[in-house]
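Visitor: I would like to be taken through this structure step by step, with the reasoning spelled out for a beginner.

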Amino acid sequence: MPRIENWSQYRHDALHHLGLDGHIDAIPYLTLPLRKQELLDTIRYNRDPHFNKRRLYDITEGTIYSQAEQRIHGKRIHAAIDYHVPYGTPVAAPACGYAVASYQSAWLREPDGSIRTLEGRPIAFGLGYYIQIYVPEVDRYIQLGHLSDLSDVVHFSKPVLEDRDWIPTHYATPLDELTSGKLDFVSYVNHGDILGQVGYSGLRWGYDDYTLGAEQPVVIDPEVHVSYDEPHVHVEEFYRNQLTGAKTPRRCIYDIYLSKDRYPTPTRVRQMGSEPLLYLDSNELPKFADDHI
Ligand SMILES: [Zn+2]
């Protein structure tokens with residue numbers, strides 16, 4: 001087995017240009033899923049003493065989960081980026097495309113089938129209320145997870161209950177149907193549109209945040225129902241096999257492919273990857289959804 005000296009380069013070589021039928025390009029087409037003006041407004045009125053206002057946002061997980069998070073759920077690969085901002089911060093479309101929204105959450109199970117607990121309470125894991133956007137310009141999908149509510153711009157597709165777990169619907173709709181304009185659960189969203197609000201849905205800690213049959217998200221009171229995780233928006237990028245519906249390997253939108261402390265933020269100077277999928281500003285940081293691109 002070869003010794004891997006540089007995991008970032010290794011994962012870049014293995015994943016960043018991996019298409020179903022060969023090479024795919026890696027060109028910028030995304031912004032942050034946040035509008036700067038709305039973020040600043042939310043921070044100004046935020047009362048969470050744990051949120052550091054100076055940071056604007058923090059990246060709390062990268063491609064590889066941090067040790068602290070691995071201890072909670074036992075998983076190693078995240079293959080996404082988590083942006084920590086105050087609960088309720090508006091979430092914006094990072095690109096234009098065809099959106100579907102649903103809900104996903106499953107109780108974490110130990111090898112013996114029992115539900116995993118943390119400090120005596122059962123924990124669930126999943127994207128919660130999430131929006132998936134198919135971006136035709138680059139033929140890729142984006143998912144934005146753990147929202148606390150959805151805006152009227154997107155239609156909510158009710159999940160189904162299987163063995164006490166919530167399974168989302170409509171996410172694997174074939175592209176010719178998804179883009180046909182004939183499906184009422186699909187909405188076309190424009191870059192920068194407000195799609196919902198940041199939360200920690202799906203990351204339940206002893207309570208339910210969806211009720212069977214609900215037509216709209218069940219909005220919890222974050223003062224009452226806390227999570228084992230901080231409020232954040234989870235962003236992942238991938239393609240779907242059109243025959244099986246399965247996700248292809250997810251790409252790191254920063255082209256960094258490491259754990260959280262290797263990612264640049266407004267208050268953490270780190271090098272950007274070589275072929276990010278994000279538009280960058282003059283400081284080599286991702287643009288916001290209300291920046292000029
Ligand atoms: Zn995440």
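**Strands and unusual backbone angles**

Guide: In this predicted model, strand E6 pairs with strand E13 (residues 187-189) in the antiparallel sense, and the pairing runs over 3 bridges.

Visitor: In E13, which residue is the bridge partner of Gly97?

Guide: Gly97 belongs to strand E6, which covers residues 97-107, and E6 is paired with E13 in the antiparallel sense. Within E13, the residue that forms the bridge with Gly97 is Val189.

Visitor: How many bridges join E6 to strand E9?

Guide: Strand E9 spans residues 124-135, and E6 and E9 run antiparallel. Two of the facing positions can be named: Ser102 stands opposite Tyr130 in E9, and Gln104 has Gly128 as its bridge partner there. Counted along the pairing, the bridges that join E6 to E9 number 9.

Visitor: Is E6 largely enclosed or largely open, and how many of its residues are buried?

Guide: A residue counts as buried if 20 or more other C-beta atoms lie within 10 Å of its own. Strand E6 has 11 residues, and it is largely enclosed by the rest of the structure because the number of them that are buried is 9.

Visitor: How many of the 12 residues of E9 are buried?

Guide: The same cut-off of 20 or more C-beta atoms within 10 Å applies to E9. Strand E9 is described as largely enclosed by the rest of the structure, because the count of buried residues among its 12 is 11.

Visitor: Which residue takes a positive phi in the hairpin of E9 and E10?

Guide: Strand E10 covers residues 140-150 and runs antiparallel to E9, with 6 bridges joining them, and one of the facing pairs is Ile131 opposite Leu144. Most residues other than glycine have a negative phi. In this hairpin, which has 4 residues between the strands, the residue with a positive phi near 60° is Asp139.

Visitor: Why does His170 count as buried, partly exposed or exposed?

Guide: His170 lies in the loop between strand E12 (165-167) and helix H4 (175-178), and its phi is near 70°, a positive value in a residue other than glycine. A residue is buried at 20 or more C-beta neighbours within 10 Å and exposed at 12 or fewer. His170 has 19 such neighbours inside 10 Å, and therefore it counts as partly exposed.

Visitor: What is the phi of Asp255?

Guide: Asp255 is found in the segment after strand E15 (232-238), and it is partly exposed, with 19 other C-beta atoms within 10 Å. Although Asp255 is not a glycine, its phi is positive, at about 55°.

Terms used:
Residues numbered from 1 in each chain as written. Predicted model: local features only at pLDDT ≥ 70, side-chain atom pairs only at ≥ 80, totals over all residues. Pairing = 2+ DSSP bridges.
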